[in-house]
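Please load the model in a viewer and keep the selection panel at hand. The tour proceeds from the whole chain to individual residues.

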Amino acid sequence: MDFVDQFVFGNNPMPETAGAQHLEDAAVEALADGFVTGSNPYEDDSPIPGPLPDIYGSWKECRALYHLQNHGRLQDTPSAASRVFLNEDIVLLVVEAFPQPVFPGVMYGEADPASKAARLDLYHLALTSTQFFHHAMRAAWRSLTNVQELIRVLYAGRVIEPVLGPLSEHRARKEFELLSLVRSTIPRDTTRLTNVAFQHFRFYAACPTDMLVLSCSYLETVLGYARRLLPPYHSYDFFCSLQNLVWVEDPNWLLPFRGRLGQFLAAPKLQSLSVIMEGPTPSPMAELDPSDTHLYLRHVLEQCQEVSHARRALWSFTFHAPLFIPIPSYVLLLLNRIKELSLQVCIGDRRIEPNKLVEMLEPDIPDAQDQLMPLAPRRLSLLWTPDSEIDAVLDHVSLGHLEELCLSWVPHYPSTLFLSDAFQFQLNTAESLIVLEISMAHRGSADIYGGQFNDFIEPLISRQRLKRVTIVLPGYSFRFSARDIGVLALAWPNLEVLNLSFTLSSYERLPNLQRIVPFLCFHCPRLEYLHLPGLATVPGEGIYAIPHFANSHLRHLSSDRLSLQHSLIDVALALGEAFPCLSSLGPHTVEEGSPWSGLHDVLTAHRTGSVDILLHHVAVGMQLGRYPVCP
C-alpha cells in the first residue's frame, strides 16, 4: 500500500488482499461524508462549476466527488474496460504523462500560467474515477506555493483571508478568532483521528515535496494546535514528503503571531532549505535605527539556530539577506552540519560591537561556541561586498573538503580588494576542488589591471581534479597568452568547462585558433565548453589543417574577441569537421552580424543541410575575392 495513503488513513497496514480499490472507496466515502455533514455552505445540489483557477481548496474535491457519486458516475464495481486501472503502476504512468507543475524556487512571484494549467488538468483527471484521485491530487499538490491554501483545509473549506498588517488590537483579536474557529472545527477529544477536516489536512500536507512559505501567510498557533492532535506514538510529521522548502520572511518579521520556520524543519525528508529575509528598510545601515538593526540581527541568529537543530537529512542551505547589513560570522558555526551552503549575504564583524553580539545570543550559546566544529562544506557559494571580511569567513570555515567554490563580486565597480580575497580563497582550497566560479555581476566603467592572469590563479595550478573553471571578470584586465592557456591545459587534464572572460592588456597577438583549440582538446579529452578572452585565425596556416578529433566532446566554442583571416564558411566547416559534437559557436549574448553569429549560422546550416545559407556565404566570399570566379 502506498506510504501516503497509509499515513492518512492510519498506522495499521491494510492487508494486500484489500487492494487499492477498497482504500480509494474509503477515501470517497470520507470525502463525501465530510462534505455533507456539518454546517457547510457548499452542500447544496447546484451544478458542478466549470474550470476552477484555484484547485487547492479541498472542499472543491469533496464537492465534485460527492456530485459524481450521487449521479452514479463512480461505480462500486468497475467495468471490464476499467479494470486495467486497478493496476497502480499503470495509473502512475497515466498521471506522470500529464504536464507537471513547476516549483518556482527562490524566484517567487506571479504564478506560472503553465503550472496553473497543469494543476487544473490534474484536478480534472482526479475527478474521472477513484483510481486516479489519490495520485492525481498528490501530483497537483506536489509543489505548493501558498501554504494558506493548505491551512484552509483545517477550516473545513471556509475562505480565510491571511492576517497581515501592523500589530494592533484588532489584528490580535482576529488571530485568536481564527484559532477558535479551528478548535471548533477539530475538537481536541478522542474523535480527532476520525475528524474529516483533520484527515483531509493530513492527506494534503503529506503531498508536497516542494513548498514556498511566507512567514505571515499562516498562524503559528493554528499549525501548533493541529500538531498536538497527533497521537503520542505517531512517528511522522505532517509534511512527511517535504524535500525542498523556501521560507520568506516578509517586512512583518517582528510580529509575534507570524509562523515560525522551526515548525517545518521537523520534516523527515527535508534536504534543501532556502531562507529569504527582507530587511527592515532599503536604506543604508547608517540610516537605520540601532535598535532595529539589533533586533534584525538577533532574528537572523535565531533563524540560523533553528536551522542548526534541523534533522540530519538537511544538507543544502541558501540564505538571502540585505547586503547592507553585515551578518556576524558566528552564523557559520551554527551551520556546521550543512554540506552545500549558499550565503547571499554580507559576512563581517567589524560593524558589530562584540558586547552587542553577546546580547543577541541565547545565554547558553557563548559557552558552547568553543565546542562547535568549524563549517566544512562540500559546496560554498558567497556574495562578496566591500564590507565582507575574509578573515571572519576563513576562521569559521574549513575548505579542506571543499569540492565547489562560487564567489561573486556584487558592486558595479571593480576592486583590487576582491582580487586579493579571491586569491586567499584559492590558496585555502585543497586537492578536492572540482568546480571554481569567480565572477563579477556587473561591468565597471573602467578596467583594473590585475597583472599576469596565471599569477592570479597560481594556487589552482596544482588542483588537478578541477573539472569546471569559470572566471568572468569584465571589469579587470590581465596579461594572458597562448602559452598561459597551454599551462592550464597541462595542469587540468579532467577539464570539462573552461570559461574565461576578461579584458586583455594587449590584443596585438591573440591565441591562434588553429593551434590552441586542438591543443586543449588533446590534453583535456573531456572538454565540452570553451570560452576564451580572445581567438584569431592566423594567415599562412591552412584552416583545414586542424586535426580530426573523432572522440572529442567539445560542444561549444566562443570568445570575447574574434579576429578572422579566413572566410566564415571555411572556418565553420573546418571546425565542424574537426569536432563532430560541436553545435554552438559564439557567446550566448552574441550580436547579430558579428563573426561568431555568422560562424554559428554556417555550422548550423551545414549540420541541417540548409543550402540557402551556405550559398549566401559563398556569394559573399566571391564578392570579397576569396573565391575565384570560374571563367
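How many helices and strands are there in the chain? Colour by secondary structure to find 22 helices and 15 strands. Bear in mind throughout that this is a predicted model.

**The whole chain**

Begin with everything selected and a surface displayed. The accessible surface of the chain comes to about 28900 Å², and carbon and sulfur atoms account for 55% of that area. Of the 631 residues, 50% count as buried. Next, consider the contacts between residues at least 6 apart in sequence: 80% of these join residues at least 24 apart.

**Strands β13, β14 and β15**

Select residues 529-536, which form strand β13, together with residues 556-563, which form strand β14. These two strands run parallel and are joined by seven bridges. To check the register, display L532, which stands opposite S559 in β14.

Now add residues 584-585, strand β15. Here too the pairing with β14 is parallel, over two bridges. In this pair, H556 is found opposite S584 of β15.

Which helix belongs with β14 and β15 in a β-α-β unit? Select residues 568-578: this is helix α20, and the unit that β14, α20 and β15 make is right-handed.

**The nonpolar cores**

Hide the cartoon and show side chains. The largest nonpolar core has 150 residues. Within this core, the residues that touch the most other members are F239, F264, F319, L473, W492, L498 and F579.

Centre the view on F579. What does F579 touch, leaving aside residues up to four places away in sequence? The contacts are V517, C521, I546, F549, S552, L554 and R607. Apart from the largest core lies another, of five residues, including F103, L212, V246 and V248.

**The cysteines**

Finish by selecting every cysteine and displaying the sulfur atoms. With a cut-off of 2.5 Å between cysteine sulfur atoms, the count of disulfides is zero. C207 serves as an example: the nearest cysteine sulfur belongs to C240 and is 8.4 Å away, so C207 is in no disulfide, given that a disulfide requires sulfur atoms within 2.5 Å.

Is C207 buried or exposed? C207 counts as buried because its relative accessible area is 2%, under the 20% limit. Select C346 as the last stop: with a relative accessible area of 0%, C346 is likewise buried.

Notes
Residues numbered from 1 in each chain as written. Predicted model: local features only at pLDDT ≥ 70, side-chain atom pairs only at ≥ 80, totals over all residues. Heavy atoms only, no water. Helix = DSSP H or I, 4+ residues; strand = E, 2+ residues; numbered from the N terminus. Buried < 20%, exposed > 50% of the residue type's maximum accessible area, 1.4 Å probe, protein only. Contact = heavy atoms within 4.5 Å. Areas by Shrake-Rupley, 256 points an atom, 1.4 Å probe, with all protein chains shown as cover. Pairing = 2+ DSSP bridges. Right-handed = clockwise from strand over helix to strand, strands pointing away. Core = buried A, V, L, I, M, F, W, Y, C linked by side-chain atoms within 4.5 Å.
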